[in-house]
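Q: I'm new to this one, so please pick a single part and walk me through it closely. Then follow the trail outward from there.

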Amino acid sequence: MTRRTSALAGASAAVLAVLAVLSGCSLVEDATGGDRGPAATVTPQGPPPGSESLAAFYGQRLAWSDCEGAECTRLRVPVDYDAPNGETIELAVVRVPAKRPSSRLGSLVVNPGGPGGSGVDYARGADFIVGAGVRQAYDIVGFDPRGVQRSAPIDCVSDRDLDAFLGGDPTPDDAAEQQQLAAAARSFAQGCGRSGALVGHVSTVEVAKDMDVLRAALGEEKLTFLGKSYGTFLGTTYADLFPAQVGRMVLDGVIAPDLTAAEVNLGQAQGFEQATRAWAAYCVEEGDCPFGRSVDRVMEGLRTFLASVDENPLPRTGDGAVPRLTEGWATLGIAAAMYDQGKWQSLVDALRQGLDGDGTALMQLANQYADRNPGGQYAGNIMEAIYAVNCLDKPEDADLAERRRLADEAVETAPTWGRFLMWSTLPCGTWPTPATGEPRTVSAEGAAPIVLIGTTRDPATPYQWAVRLREQLASASLITFDGDGHTAYTRSNSCVDEAVDAYYLEGTQPRDGLRC
């Protein structure tokens, strides 16, 4: 997920950076204008057996147009796949052509996570999200999933109301505060209902179906895919629905599909606890750590700081919309640094400033996490879409007593993050549309081998989840990266990068159990 729990699960560093804005997009069903190089002649693939009623969607021809150094189009899909003759929406799609067209291998579809992260923005960073050889050989294709940013975006509340929601008290201390949190959760959920029928049709299953329509419209017999964080759940769901269409698929920062909502929350609480302790060790080793000279003292000091901010929010400068740093915002700022160890020193500096009574720097980190501009405008709708998707994917209830019990239990293994994460999905208990998904194991029998990557101290997608999915899939390889931060490919490790690049370029499956 405030962007609590599953919002914490999904956002990679790429989502937090706002890249070039998509422009100049169009959809013309019976034209191929704008294509160039070896990708020019595209024959849409027909629908899979049993999906003949979707032939009009599978047969559409994409009209690509230049847009700020890339190529853009729109893909038409049904709102409800059970009613393909009903309402439709258009999805924003971007393609960054292969650098070496003469050796082009096809299209590589990418998803950065969230749920709610923009695949369009992510693909525009093609030079940074895949290896150099992969960049030369593949068109990098990204799409904003249904309900996200440029693709019929879910809109729950105003920016000002979203500020209030994210800045609210995320760790209620008594019954009165629990009721306040429950009221805020209900209000947010009801606001999401104003998006109409679409709010009941933004599940991961439906996005996976959209992705198969995209595969066909791109003229690809198989889907070559890179999914990070929540994108791994999307990829796994696709492999379960369309095993015969799976090509070279890499899932980095794994979310196992059989996890319940409570298991996701607890796993993340423990993952963030582990990551925060790693940050605390860094803080001590660097010297002059503002909270003490041992990891335990730093962790205790951090919890004391958050409790203090809960009681007395800190003043900050430069943003009239949020003049004071609350516990909710402070926690998001700390969470932002856990995704990338490159931000650890920034967090040390921000906390030192906070101890001096100024919340400005910590709020800057929180803004990065929420994709929020300093003036109070949100660049995208990830903080709303993340609930819309998660609340459909996994059923929850609004029982406050059960939430309190789970939060109290979580504190035993995650004293810093337990309460925050266990209360985080409360809006899903009063969601305007019942959940359509449920936890399930996935074997993807018949799919090509899938490559999984797990990072040992990943805060948002704990390493154990990658092991858990590896045990379920019929054919897969697990790469273990012994490191910090969220996800691994193209972040810092040549061992991981070389194995993944060889898989994409040569079809060489990494050895199962490879450690980097």
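A: Let's start with helix α19, whose buried residues pack against α10 (230–241), α11, β10 (450–457) and β11. Contact here means heavy atoms within 4.5 Å. Those buried residues are Y463, W465, A466, L469 and Q472, from a helix that covers residues 463–472. "Buried" stands for under 20% relative accessible area, "exposed" for over 50%, and "partly exposed" for anything in between, using a 1.4 Å probe and protein chains only. Helices (H or I, at least four residues) and strands (E, at least two) are DSSP runs, numbered from the N terminus.

Quick housekeeping: this is a predicted model, where local features need pLDDT of at least 70 and side-chain atom pairs count only at pLDDT 80 or more, while totals for chains, interfaces and linings use all residues. Residues are numbered from 1 along each chain as its sequence is written, and side-chain values use heavy atoms, with hydrogens and water left out.

Now follow the partners of α19, beginning with α10. Helix α9 (residues 204–217) packs with α10 at an angle of about 70°, the two axes being 9 Å apart. That makes α9 roughly perpendicular to α10. The axes are lines fitted to C-alpha atoms, for helices over the stretch in contact, and the angles run from 0 to 180 degrees between N-to-C directions. Angles under 35 degrees count as roughly parallel, over 145 as roughly antiparallel, 65 to 115 as roughly perpendicular, and the rest as oblique. On the α9 side you'll find T204, V205, V207, A208, K209, M211, D212 and R215, and they meet Y230, F233, L234, T237, Y238 and L241 of α10. Sorted by type, this contact has 9 nonpolar, 2 polar and 3 charged residues. For that sorting, Ala, Val, Leu, Ile, Met, Phe, Trp, Tyr, Cys and Pro are nonpolar, Asp, Glu, Lys and Arg are charged, and the others, Gly among them, are polar.

Next up is α11. This helix (residues 261–286) and helix α14 (residues 344–355) have axes that come within 10 Å and cross at roughly 75°. Therefore α11 and α14 are roughly perpendicular to each other. From α11 the contact takes A275, A278, W279, Y282, C283 and E286, and from α14 it takes W344, Q345, L347, V348 and L351. The split here is 9 nonpolar, 1 polar and 1 charged. A handy thing to keep in mind: an α-helix has 3.6 residues a turn, so residues three or four places apart point the same way.

Carry on along the chain from α11 and you reach D288, in the loop between α11 and α12 (295–311). D288 isn't a glycine, yet its phi is positive, about 60°. With a relative accessible area of 65%, D288 is exposed. Beyond that loop, the axis of α12 comes within 8 Å of the axis of helix α13 (residues 327–338), and they cross at roughly 150°. In this pair, L302, L306, V309 and D310 of α12 meet E327, A330, T331 and I334 of α13. That works out as 5 nonpolar, 1 polar and 2 charged residues.

Back to the strand side of α19's surroundings. After β11 (476–484) comes a loop that leads to α20 (494–506), and N493 sits in that loop. N493 has 16% relative accessibility, so it counts as buried. Its side chain reaches the backbone nitrogen of V496 at 2.9 Å. Setting aside residues up to four places away in sequence, N493 touches F481 and C516.

Finally, zoom out. The chain's secondary structure comes to 20 helices and 11 strands, and buried residues make up 59% of its 516 residues. The C-alpha trace spans about 60 × 45 × 40 Å along its principal axes. For 516 residues, a compact globule would have a radius of gyration near 24 Å, and the chain's 22 Å agrees with that. That radius is taken over C-alpha atoms, and the globule rule is 2.2 Å times the number of residues to the power 0.38.

Key. Polar contact = N/O pair within 3.5 Å; in protein donor to acceptor, adjacent residues only side chain to side chain.
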